[in-house]
Amino acid sequence: MFSVHTYLLKGNSVIASELNLDHVHKGVILENIEHSFIDIRNELVVKQYFRPYKKFFREAILIKFNDEVIFDFTYYDLSLWSSFASLIEDFLATDSKATEETVHYQAIISLENTDQDKVLFTVVKMNKIELEIELPKYSFLHALVDEGLHYFTTMCNYGYSHISITSMKSCYEELAKQLDKLIE
């Protein structure tokens, strides 16, 4: 039902060179995906491009629901998975509504309960609602938490063991436990 996957922005890409701008135009991003992003599953390329980086990465998260892309490369940001962790933590704590601004304000993401089994996922960019979709709550949260944990585990396995990476891995492990308890 959900497919969630992480990509990293290459430091020498067209998009990275435009980072001094407030926001890179969506068309520039979508035209340069192959040149600008790398799949985290490609260990050799990840290590080659990000050898000098040890703490923070500009991440793009591709989320598909029933094969339809609902969150794409245009929302890449510094430590995007950290923003999702904060969002999910706040949402689970309140069980009503949580909102999080991504690090460089590429987007404002929110989750809101609509009923016991549904959640409204909203993305706002530059004060415009880009996405508002009702999704199955627990399968969506699990998909996010599972990929967040996968991302940080993968980065640790690649040798990126800075405290920020290992602490986020622990955070996602805790989120997974919380979700499992809620479903029991």
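These questions and answers walk through a predicted model of a protein.

Q: How many helices and strands does the protein have?
A: The model is predicted. Its 184 residues are 49% buried. The secondary structure comes to 7 helices and 9 strands.

Q: What share of the contacts with a separation of 6 or more joins residues 24 or more positions apart?
A: Contact here means heavy atoms within 4.5 Å. Among pairs with a separation of 6 or more, those 24 or more positions apart account for 56%.

Q: What part of the exposed area do carbon and sulfur atoms supply?
A: The protein exposes about 9300 Å². Of that area, the part from carbon and sulfur atoms is 48%.

Q: Is histidine 5 buried or exposed?
A: Histidine 5 sits in strand β1, residues 2-9. Its relative accessibility is 10%. The cut-off for buried is under 20%. Histidine 5 therefore counts as buried.

Q: Which side chain makes a polar contact of 2.6 Å with that of histidine 5?
A: Leaving out residues up to four places away in sequence, histidine 5 touches Asp39, Arg41, Ala60, Ile61, Leu62 and Glu147. One of these makes the polar contact through its side chain, at 2.6 Å: aspartate 39.

Q: Is the aromatic pair of phenylalanine 37 and phenylalanine 73 stacked, edge-to-face or tilted?
A: The protein has 15 aromatic pairs. In this one, the ring centres of phenylalanine 37 and phenylalanine 73 are 5.0 Å apart and the planes differ by 50 degrees. Stacked needs under 30 degrees, and edge-to-face over 60. The pair is tilted.

Q: How many residues apart in sequence are the parts that phenylalanine 37 and phenylalanine 73 tie together?
A: Both rings belong to buried residues. Phenylalanine 37 lies in strand β2 (residues 37-39), and phenylalanine 73 in the loop between β4 (68-71) and β5 (77-78). The pair therefore ties together parts whose distance in sequence is 36 residues.

Q: Which buried residues of α5 also belong to the aromatic cluster with Phe2 and Tyr172?
A: Helix α5 covers residues 80-94. Its buried residues include Leu80, Trp81, Phe84 and Phe91. The cluster includes Phe2, Phe65, Tyr75 and Tyr172. Two names occur in both lists: Trp81 and Phe84.

Q: What span does helix α6 reach from its first C-alpha to its last?
A: Helix α6 (residues 137-157) has 21 residues. At 1.5 Å a residue, the expected span is 30 Å. The model comes close to that expected value, and α6 reaches 30 Å.

Q: Which residue with a positive phi follows α5?
A: Helix α5 has 15 residues and reaches 21 Å, close to the expected 21 Å. After α6, glycine 159 has a positive phi near 100 degrees. After α5, the positive phi is near 55 degrees, and the residue is aspartate 95.

Q: Which turn residue of the β8 and β9 hairpin has a positive phi?
A: Strands β8 (residues 118-125) and β9 (residues 128-136) run antiparallel, joined by 8 bridges. One bridge pairs valine 124 with isoleucine 129. The hairpin has 2 residues between its strands. The turn residue with a positive phi, about 55 degrees, is methionine 126.

Q: Which residue's side chain makes a polar contact with the side chain of glutamate 130?
A: Glutamate 130 is in strand β9. It is partly exposed, at 31% relative accessible area. Its C-alpha is 9.9 Å from that of isoleucine 108. The polar contact, at 3.1 Å, is with the side chain of tyrosine 75.

Notes
Residues numbered from 1 in each chain as written. Predicted model: local features only at pLDDT ≥ 70, side-chain atom pairs only at ≥ 80, totals over all residues. Heavy atoms only, no water. Helix = DSSP H or I, 4+ residues; strand = E, 2+ residues; numbered from the N terminus. Buried < 20%, exposed > 50% of the residue type's maximum accessible area, 1.4 Å probe, protein only. Areas by Shrake-Rupley, 256 points an atom, 1.4 Å probe, with all protein chains shown as cover. Expected span 1.5 Å × (residues − 1). Polar contact = N/O pair within 3.5 Å; in protein donor to acceptor, adjacent residues only side chain to side chain. Phe/Tyr/Trp six-rings, centres within 6.5 Å; stacked < 30°, edge-to-face > 60°. Pairing = 2+ DSSP bridges.
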